[in-house]
Amino acid sequence: MADDGMLVNFSLSDEIIRSKPVFKGGRWRDRLSAKRSLRPRQPKPTPTENETSPATSHPAEHVVEGTGDPLSRPRKRQKLEPRSRSTPKNSNVEKEIISSLFTYNPSAQAPAENPQQDEQIAEPSNAPLPDGIETFTSLGLSPTLSSHLLTKLSLKSPTAIQASAIRQLLSDDDDAFIQAETGSGKTLAYLLPIVQRIMAISTKRENSALKLDRKAGLFAIILSPTRELASQISHVLSLILARTPFIVASTVIGGEKLKSEKSRLRKGLNILVATPGRLVDHLDNTEVLDVSQVRWLVLDEGDRLMELGFEKAIQAIVERLEKGNKFTMEQTEGAAGSLTEFLPKRRVTILCSATMKLTAQRLGEISLKDAVYLKAEPKPLSQTSGNTSSEALAEDNSEEKAFQAPSQLKQSYIIVPPKQRLVSLAALLKQTFARRGSVMKAIVFLSCADSVDFHFEVFARDLDSTSTEESKKIIPTSKQSTMSLCQSLTSKINPGLIIYRLHGSLPQPVRKSTLQAFSQSADPAILLCTDVASRGLDLPNIDLVIEYDPPFSTDDHLHRIGRTARAGKAGRAECFIMPGAEEGYIEVLKEGIAGGKLIRHDAEGILRKGFAIDKRAKSQKAENNKNGADEGPKDWEEAATEYQLDVERWVISDSRAGEMARRAYVSHVRAYATHVSHERDMFDVKSLHLGHLAKAFALRERPGKMGRGGVAKSSSSTRGRKQDREEGKRTIGKSASKKAIDVLATEASSSLNRSRREVNTDAVVSDGKDAARRTRVKMKEHMAVASEFNIG
Ligand SMILES: Nc1ncnc2c1ncn2[C@@H]1O[C@H](COP(=O)(O)OP(=O)(O)OP(=O)(O)O)[C@@H](O)[C@H]1O
């Protein structure tokens, strides 16, 4: 198999090399063949510098692996690793042969677009309405609540979706389907009318037979797909309820002992924010949880609830509420002076989603009855509500509008060949944070937890010149840490850059504190994360979202980029695309753009800017040159190469780093195989150039063993290592590697299907304590998988 520019470097340690065995006895022919079988194979002669092909990459010559005839490829150019800053000039260290970042890269097929597009920014589409159109009071909220929103939350006027939802939910008891862009204020759109109507009881309580307090009954349940989102909703709720301490809200979302949740439920509460699995658990096992008075069931991030396999759990919850609801229309109608006079006469279900997917529609079918479809549009408000959800869905589908992002969000993509991915990400981040104050926070989405961990270490790594002892004292880097100084990207101008990591495999308290620290950070900060942070999270001041690994579905893309440009603010999003089939995704990205245009960037431009050698560095180099010291990089290409080599050396010399890199690589390839089926022609794991991709993980060879377990075991025994190496060799062959990918793809999808099935069935069918405990354990296990791979 041609390795296409990647050379395999096996270095055998002394342990591996044994003394030659002596063969005695038997026939001489047998002894000879035994000796031969132990003799290592002679490597193919390496071409000399003179024999190598020219360094230039010619698009016409390039053959993408798996699609062309390897024999017709140009011969590989081998590059001798340039001396690093830390390598003395006269060192005797053997020069390594490595593949160059800038040769044999596939070229983009998409034509370059007009660079002037950068200038265009559309009017915000998710901002609060301009003064004078609507106020919270004009929508029917009490002056007390409205003035609280203004003084404590600085909310002057509602957004379009809030205007239509608040008016509807205050005056009618119909079910509702709220669909609006990310960052358009959907949380307050459903919370405010609920709180207003519960508060109304207290204002009239002189007339009422009952007193409104935590024991008065549980009136609203809000379901969220993730704990993070549930905590956020609960936080917003606590802000709104700050002036009404007699209304009590709480959460049951797991991550703490069931006992403490039970004791909170026992004390009584009026609004409950929950994750579906945990709520089912309590409905089954916590007798004090009385749902007989529940008037509102909110399903936030409806499509995500379905994607994570909560359909059966939600069905079970809906059934329990129907069975448990003691109040009837007759009881509540005309019950003047009673507590329930101001509450809905029937249970109202509200489904919320930024995307209109079939899954959300299915959830609507099982939970909504004749729902009103509420949508924020630039149409007059009178036209935005009033449709039934089914009419509206039909209308929406006929438009075939998959999704739309906020119009002021500046969206771009960058075409990066696989070998240059790591340096391009580094360059983009360097460039982004080059000026203090230009960008405060950026989120980088990656495909899997292992990749997040690896890249966190890459960027947090201490490079000789950029970190001071003083700064290291402030934020130490430890193996367990989710936060560190971003030492390999900091510049003298922006020395306080901090990097965070977040994924579903971290313990819940760590996830919570990491998000909190990132949100509250006054310093510029980068969050590396999986899709666990893509839904519903409202993190302040996110200026840039980078999709380093493309999303697993277009909906995920919308939610990821929706972490910026919230509530009318500006924001930028950049999606990494590899040349070739992935370029088909550009058209999909264009579909999601309401105003403005999709901007194209190329790796070269980003690398040029990110690794530009400034004047000061140039004069320093000249000085070094005079003194006979290392010259350092001459231009951006060398600087980028040096950055790459530095990471590669670290991965080679530090066994832990090597293991992380291999794990990240294998997990990434596995995750790549889980793209939704209708997008797999663009994201086909079988068309990945595995050798080039390895370079993006600072690996000079692709990890050989990609089957079960993913990474070659680091066995300490010589036999084990040899065996691993041999197995590795086997998978390096073309057909073997294809097989390995097939295995990965099958493993990934079957494990996800299994997770989904088990979550679906076990979450609900839990009879007895043991079954419930088993369910919890399984849910926990599988939801971690689900959230990482983002089941579509
Ligand atoms: N009327 C308003 N005026 C100004 N800011 C608002 C208003 N309503 C909400 N916001 C702010 O907008 C941000 C986004 O709100 P929210 O998280 O509810 O959006 P969302 O529509 O649920 O987004 P997503 O779909 O991503 O979950 C929050 O920071 C919130 O404080």
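**Why these elements are described as they are**

Me: The shell around the ligand divides into 7 nonpolar, 9 polar and 3 charged residues, in a model that is predicted. How many residues surround the ligand, and which are the closest?

Reply: The ligand is surrounded by 19 residues, and the closest are Thr182, Gly185, Lys186, Thr187 and Ala567. Lys186 is classed as charged because Lys belongs with Asp, Glu and Arg, whereas Gly185 counts as polar and Ala567 as nonpolar.

Me: What element makes the largest share of that shell?

Reply: Helix α4, which spans residues 186–203, contributes the largest share, with 3 residues.

Me: Why are α7 and α9 called oblique to each other?

Reply: Helix α7 (residues 276–285) packs on helix α9 (residues 311–324) at an angle of about 40°, and their axes are 9 Å apart. Roughly parallel would need an angle under 35 degrees and roughly perpendicular one from 65 to 115, so the pair is placed among the oblique ones. The crossing in which α7 passes α9 is left-handed.

Me: Which residues make the contact of α7 with α9, and how do they divide by type?

Reply: On the α7 side they are Pro276, Gly277, Leu279, Val280 and Leu283, and they meet Ala313, Ile314, Ala316, Ile317 and Arg320 in α9. They divide into 8 nonpolar, 1 polar and 1 charged; the polar residue is Gly277, because Gly is counted as polar, and the charged one is Arg320.

Me: What makes α14 and α22 parallel, antiparallel or oblique to each other?

Reply: The axes of helix α14 (residues 449–460) and helix α22 (residues 655–672) cross at roughly 140° and come within 8 Å. An angle has to be over 145 degrees to count as roughly antiparallel, and therefore α14 and α22 are oblique to each other. Their crossing is left-handed. From α14 the contact takes Asp450, Ser451, Asp453, Phe454 and Glu457, and from α22 it takes Ala657, Met660, Ala661, Arg663, Ala664, Ser667 and His668. These residues divide into 5 nonpolar, 3 polar and 4 charged.

Me: How do you know which strands stand at the edges of the sheet of 7 strands?

Reply: This open sheet has the order β5-β6-β4-β7-β8-β3-β9, with parallel pairing. β5 (249–252) and β9 (372–375) each have a single partner strand, so one side of each lacks a neighbour in the sheet. From one strand to the next, the twist averages 15°.

Me: What makes β3 and β9 a pair?

Reply: Strand β3 (residues 176–179) is joined to β9 by 4 bridges, and at least two are needed for two strands to pair, so the condition is met. The two strands run parallel, and Gln179 has Lys375 in β9 as its bridge partner.

Me: Which strands form the edges of the sheet of 8 strands, and where does α14 lie?

Reply: The order in this open sheet is β12-β13-β14-β11-β15-β16-β10-β17, with mixed pairing. β12 (483–485) and β17 (599–602) are its edge strands, each pairing on one side only. Within the sheet, strand β11 (residues 441–445) runs parallel to strand β15 (residues 542–547) and is joined to it by 5 bridges, with Lys441 opposite Ile542. α14 lies across β12, β13 (498–502) and β14 (525–529), running at about 170° to β13.

Definitions and conventions: Residues numbered from 1 in each chain as written. Predicted model: local features only at pLDDT ≥ 70, side-chain atom pairs only at ≥ 80, totals over all residues. Axes fitted to C-alpha atoms, helices over the stretch in contact; angles between N-to-C directions. Left-handed = near helix turned anticlockwise from the far one by under 90°. Contact = placed C-beta atoms within 7 Å. Near = placed C-beta within 6 Å.
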